[in-house]
Amino acid sequence: PDIVLNDPDGKTLKLSDLKGKVVLIDFWASWCGPCRAENPNVVNTYKKYKDKGFTIYSVSLDNNAQNWRAAIQKDGLEWEWHVSDLLGWRSAGAALYAVQSIPAAFLIDREGKIVAKNLRGAALEQKVKEIVEKP
């Protein structure tokens, strides 16, 4: 399902605008310890494969814009696709993907199909590598 939410500056960003790329939809929040602990792995995978058509669409379950922005900066989440409706657990994006707990991640291939869920660490990197290197 398409997610259409605003970035920290109020600009609308659609998940569907990323069609043709390999996308990790990453549901997280600044207050989520396990999410923040996983962020270095996500950042490393992004840096390694961003030039091969991989990007990240981060959906924050924050309800405080300042905390959300600070976490993006502090954790070095350098991709441009950060969105939230600042409704916490009532997030429309999380509802579309039936997210019950975070971190939650969905890996989408170039055709827009979910090919993996909730991969972390080395497993995430391995699956991204496999998909971006497919002919």
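This passage looks at how aromatic rings pair up in the structure. The model is a predicted one, and a search across the whole of it turns up 6 aromatic pairs. Two of them are described here, together with a ring cluster.

A good place to begin is the pair formed by F27 and Y97, whose ring centres are 5.9 Å apart. The planes of F27 and Y97 meet at 50°, and the pair is tilted. This contact links distant parts of the chain, as F27 belongs to strand β3 (residues 22–28) while Y97 sits in the loop between α3 (92–96) and β6 (104–108). The two residues are 70 residues apart. F27 has a relative accessibility of 0% and therefore counts as buried. Y97, at 8% relative accessibility, is also counted as buried, because the cut-off is under 20%.

A second tilted pair is made by Y57 and W81, with 6.3 Å from centre to centre and 35° between the planes. Here too the pair connects distant parts of the chain: Y57 lies in strand β4 (residues 54–60), and W81 in the loop between α2 (65–74) and β5 (82–83). Y57 and W81 are 24 residues apart. With a relative accessibility of 0%, Y57 counts as buried. W81 has a relative accessible area of 14%, so this residue is buried as well.

Finally, the picture around F27 can be widened. Ring pairs join F27 and Y97 with F106, and these residues form a cluster.

Methods
Residues are numbered from 1 along each chain as its sequence is written. This is a predicted model: local features need pLDDT of at least 70, side-chain atom pairs count only at pLDDT 80 or more; totals for chains, interfaces and linings use all residues. Side-chain values use heavy atoms; hydrogens and water are left out. Rings of Phe, Tyr and Trp (its six-membered ring) pair if their centres lie within 6.5 Å; planes under 30 degrees apart count as stacked, over 60 as edge-to-face and the rest as tilted. Helices (H or I, at least four residues) and strands (E, at least two) are DSSP runs, numbered from the N terminus. Buried means under 20% relative accessible area, exposed over 50%, partly exposed in between (1.4 Å probe, protein chains only).
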